[in-house]
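Colleague: I am new to this structure and would be glad of a friendly guide. Could you take one part of it and look at it closely with me?

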Amino acid sequence: MATRRDVLSEVMQGVAEIKAHREGKKMPASVPVLTFEEFELLPEEEGIRYELDEGILLMEPSPVFRHNVIRQRIATRLREFVESHHLGFAIEEMDFRLAPNTVRNPDVAFVTTEHLKRIDLDRTPVEGAPALAVEVISSGNLAQDTVKKVHQYLSAGSQAVWLVYPALQLVEIHESRKDVKGGHVREVREADAIEESKLFGGAKFSLPLRTIFHIRKQG
């Protein structure tokens with residue numbers, strides 16, 4: 001029977017081969033299925049984000065400059081709003097355990113005051129889904145993977161998921177609805193704003209998309 005050390009060694013070998021594949025060196029071997037406990041043993045590596053998709057280890061490289069700017073702008077507006085209304089906290093790139101062997105790391109998350117009371121602020125991942133998960137979609141993200149991620153958030157208890165598409169300059173909003181199988185989906189285009197109040201207990205949040213998508217170069 002393989003020891004935990006053997007499993008971790010096998011996982012890290014798979015990680016090394018995936019990284020080599022990204023650099024065009026060779027095809028990676030299959031990465032073994034992990035338990036949550038094994039996932040917790042993975043060492044942090046600069047420039048790499050890990051997620052656990054129903055036991056499958058996923059790796060995401062560091063995002064590009066535009067991705068980071070958009071993420072930070074959304075996080076800043078959300079943080080200012082929810083804190084001023086005493087609704088909770090907005091945080092960037094935090095791990096959330098959505099299911100026994102599923103851990104996701106949204107670009108931005110809104111955690112309610114009630115949820116904050118139930119979690120250990122000094123441990124990661126956070127147990128349970130955020131009320132809102134925001135994912136900035138890069139060109140390398142596959143549609144099927146994105147859809148699966150949305151379903152995982154909503155099934156775990158998220159009230160909404162915002163998919164932000166910089167290349168299309170639109171935001172796709174997925175909302176949890178008991179009366180609609182799979183939830184409700186709506187789009188907000190660049191010329192408009194995200195208008196939301198239900199998610200924030202009646203407080204009205206507005207985010208014009210032009211304020212997050214446009215990046216002016218100096219000079």
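In which strand is Arg-97 found? Please start there and work outwards to the surroundings.

Modeller: Happy to, and please keep in mind that this is a predicted model. Arg-97 is found in strand S4, which covers residues 96-99. Its relative accessible area is 18%, and because the cut-off for buried is under 20%, Arg-97 counts as buried. The side chain of Arg-97 has a polar contact with the side chain of Glu-127, at 3.3 Å. Setting aside neighbours within four places in sequence, Arg-97 touches Phe-36, Thr-102, Val-103, Pro-125, Val-126, Glu-127 and Gly-128.

Now look at Phe-96, which also has its place in strand S4. Phe-96 is buried, with a relative accessible area of 0%. Beyond its neighbours within four places in sequence, the contacts of Phe-96 include Thr-102, Val-103, Arg-104, Pro-106, Ala-109 and Val-111. Pro-125, Val-126, Gly-128, Ala-129 and Pro-130 are also among them. Phe-96 and Thr-124 are 28 residues apart in sequence, yet their C-alpha atoms are 7.7 Å apart in space.

Thr-124 leads us to a notable peptide bond. The bond from Thr-124 to Pro-125 is cis, with omega near 0°. Most peptide bonds are trans. Pro-125 sits in the loop between helix H4 (113-118) and strand S7 (126-127), and Pro-125 is in contact with Arg-97 as well as with Phe-96.

On the other side of S4 in sequence, the loop between S3 and S4 holds Glu-93. Phi of Glu-93 is positive, near 45°, in a residue other than glycine. Glu-93 is partly exposed, at a relative accessible area of 31%. Two more residues with positive phi can be found elsewhere. Glu-54 has a phi of about 55° although it is not a glycine, and Glu-54 lies in the loop between strand S1 (48-53) and strand S2 (56-61). His-86, which follows helix H3, has a positive phi near 55°.

From that loop we can step back along the chain into S3, which belongs to an open sheet of six strands with mixed pairing. The strand order is S3-S6-S8-S9-S10-S11. Strand S3 (88-92) and strand S11 (184-189) stand at the edges with a single partner strand each, so one side of each has no neighbour in the sheet. From one strand to the next, the twist averages 15°.

Within this sheet, S8 (residues 132-136) and S9 (residues 160-165) run parallel and are joined by five bridges. Val-136 stands opposite Val-164 in S9. Helix H5 (residues 143-156) packs on the sheet, where it touches S8, S9 and strand S10 (170-175), and its direction makes about 155° with that of S9.

Glu-135 is a good residue to pause on, and it lies in strand S8. At 6% relative accessibility, Glu-135 is buried. The side chains of Glu-135 and Tyr-153 make a polar contact of 2.7 Å. Leaving aside neighbours within four places in sequence, Glu-135 also touches residues including Lys-149, Trp-162, Leu-163 and Val-164. Asp-107 is 28 residues away from Glu-135 in sequence, with 5.2 Å between their C-alpha atoms.

Helix H3 (residues 65-84) lies across S3, strand S6 (108-112), S8 and S9, and runs at about 170° to S3. H3 has 20 residues and spans 29 Å from its first C-alpha to its last, close to the 28 Å expected at 1.5 Å a residue. Buried residues of H3 include Val-69, Ile-70, Ile-74, Leu-78, Phe-81 and Val-82, and His-67 and Arg-71 are among them too. The buried residues of H3 pack against S3, S6, S8, S9, strand S13 (205-208) and helix H6 (210-213).

S13 in turn pairs with S12 in the antiparallel sense over four bridges. Along S12 (residues 193-196), Ile-194 and Glu-196 point to one face and are buried, whereas Ala-193 and Glu-195 point to the other and are not. Glu-195 has Ser-206 in S13 as its bridge partner.

To place all this in the whole chain, there are six helices and 13 strands. Of the 219 residues, 43% are buried. Among contacts between residues at least 6 apart in sequence, 51% join residues at least 24 apart.

Key: Residues are numbered from 1 along each chain as its sequence is written. This is a predicted model: local features need pLDDT of at least 70, side-chain atom pairs count only at pLDDT 80 or more; totals for chains, interfaces and linings use all residues. Side-chain values use heavy atoms; hydrogens and water are left out. Two strands pair if DSSP finds at least two bridges between them. Axes are lines fitted to C-alpha atoms, for helices over the stretch in contact, and angles run from 0 to 180 degrees between N-to-C directions. Contact means heavy atoms within 4.5 Å. The expected span of a helix is 1.5 Å times one less than its number of residues. Buried means under 20% relative accessible area, exposed over 50%, partly exposed in between (1.4 Å probe, protein chains only). A polar contact is a pair of N or O atoms within 3.5 Å; within protein, one must be able to donate a hydrogen and the other to accept it, and residues adjacent in sequence count only if both atoms are side-chain atoms.
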